[in-house]
Amino acid sequence: AITDNFNTLINETYKFNGTSELLDILASVISGFAVPLREEHVIFFHNIIIPLHKVQTCHKFHNELLRCSMLFLSKEPTLAFPLVSGLLKYWPFANYTKETLFLAELLDILEVCCDPQKLEPILPKIFKRIIKCISSPHLQVSDRSMCFFENEFFLNILKTYKHIAFPILVPVITHLANHH
C-alpha cells in the first residue's frame, strides 16, 4: 500500500498530503531492517526513495525523505552511488528552495557514506553541478554550494581528483571572481 501511494505520487498526482507522515512511519520500519538488506528493500530504495526526489512538492517532505535515505545508507553504504546519481538526474531547475535542499543532501551523502573511489565515474557530473550552483543568480544556492569548499571530506576529494576537478572548477571560479 505504501509503494502504491508513493508510485501514484511519483508518476501521476505529484501531490499527497500524508507523504511526510508516511515517510516518518517508513523511517521507523527502515531502522528495523536487518543487515544485509533484502533484495526487495534495495528495489524499494531504487524504485521509490530515489524517484521521490523528482516530485515537485518534494520540499514539503524533504527532511523525512532525507532521513529515510540516510537510514538506508547506514544499512547499506553502497547505495550512496545510485542515490547521488539519482540526485543529479532529478536536479531541480528554477526551484531555488529545492536546489538548496539537494545541495545539503548531496553534501550529507558525500560526507557520511561515500567511498571517493566509487564516485570517480560521476565526479565530473558532481563538479559541473556544483559549479552551476556556484554561478547561480540566487544567493542561497550559490552560498550553499560554496559550503562544499568548507567541508573537509569534499576538500580531500578535490585534492585526490584535482586532475578532474580543476579544469572544471577553476575557469568558472576565475570568471566569477573577475566579473561577479
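Which helix is serine 145 found in? I looked this up first and found serine 145 in helix α9. Helices here are DSSP runs of H or I of at least four residues, and strands are runs of E of at least two, numbered from the N terminus.

**Ground rules**

I am working with a predicted model, where local features need pLDDT of at least 70, side-chain atom pairs count only at pLDDT 80 or more, and totals for chains, interfaces and linings use all residues. I number residues from 1 along each chain as its sequence is written, and side-chain values use heavy atoms, with hydrogens and water left out.

**Confidence**

I checked pLDDT, the predictor's confidence in each residue, from 0 to 100. The chain averages 89, and 97% of the residues score at least 70. Confidence is lowest in α7, at a mean of 78, and highest in α3, at 95. A reminder to myself: where pLDDT is low, the predicted coordinates should not be read in detail.

**Serine 145 and its surroundings**

Is serine 145 buried or exposed? I call a residue buried under 20% relative accessible area, exposed over 50%, and partly exposed in between (1.4 Å probe, protein chains only). Serine 145 has a relative accessible area of 0%, so I put it down as buried. For contacts I take heavy atoms within 4.5 Å. Leaving aside residues up to four places away in sequence, serine 145 touches Leu103, Ile130, Cys133 and Ile134. I also found a polar atom of the serine 145 side chain 3.3 Å from the backbone nitrogen of isoleucine 134. A polar contact is a pair of N or O atoms within 3.5 Å; within protein, one must be able to donate a hydrogen and the other to accept it, and residues adjacent in sequence count only if both atoms are side-chain atoms.

**Helix α8**

Next I turned to α8, residues 123–134. The expected span of a helix is 1.5 Å times one less than its number of residues. For the twelve residues of α8 that gives 16 Å, and the end C-alpha atoms are 16 Å apart, which agrees. I listed the buried residues of α8 as Leu123, Ile126, Phe127, Arg129, Ile130, Ile131, Cys133 and Ile134. What covers them includes α5, α6, α7 (116–119), α9 (139–146), α10 (152–160) and α11 (162–179). Lysine 125 is also in α8, but I count this lysine as exposed because its relative accessibility is 55%.

**The nonpolar core**

Which residues touch the most other members of the largest nonpolar core? By nonpolar core I mean a set of buried Ala, Val, Leu, Ile, Met, Phe, Trp, Tyr and Cys residues joined through side-chain atoms within 4.5 Å. The largest has 61 residues, and the ones I was after are Phe6, Leu52, Phe72, Leu73, Ile126 and Phe127. I followed up leucine 73: not counting residues up to four places away in sequence, it touches Phe45, Leu79, Ala80, Leu83, Ile109 and Cys113.

**Cysteines**

I searched the whole structure for disulfides, meaning pairs of cysteine sulfur atoms within 2.5 Å, and found zero. Cysteine 68 is in no disulfide, and the nearest cysteine sulfur, that of cysteine 58, is 12 Å away. I note cysteine 68 as buried, because its relative accessibility is 0%. Why is cysteine 133 without a bond to cysteine 147? The sulfur of cysteine 147 is the closest cysteine sulfur, but at 12 Å it is too far for a bond. Cysteine 133 is buried, with a relative accessible area of 0%.

**Backbone oddities**

Most residues other than glycine have a negative phi, and most peptide bonds are trans. I noted a cis peptide bond between valine 35 and proline 36, with omega about 0°. Proline 36 lies in the loop between α2 (19–30) and α3 (39–49). Alanine 94 is not a glycine, yet I read a positive phi of about 65°. Alanine 94 sits in the loop between α5 (80–89) and α6 (96–113), and I count alanine 94 as exposed because its relative accessibility is 70%.

**One last distance**

Serine 85 is in helix α5 and, at 26% relative accessibility, partly exposed. I found its C-alpha 7.5 Å from that of isoleucine 122, with their positions 37 residues apart in sequence counted as their separation.
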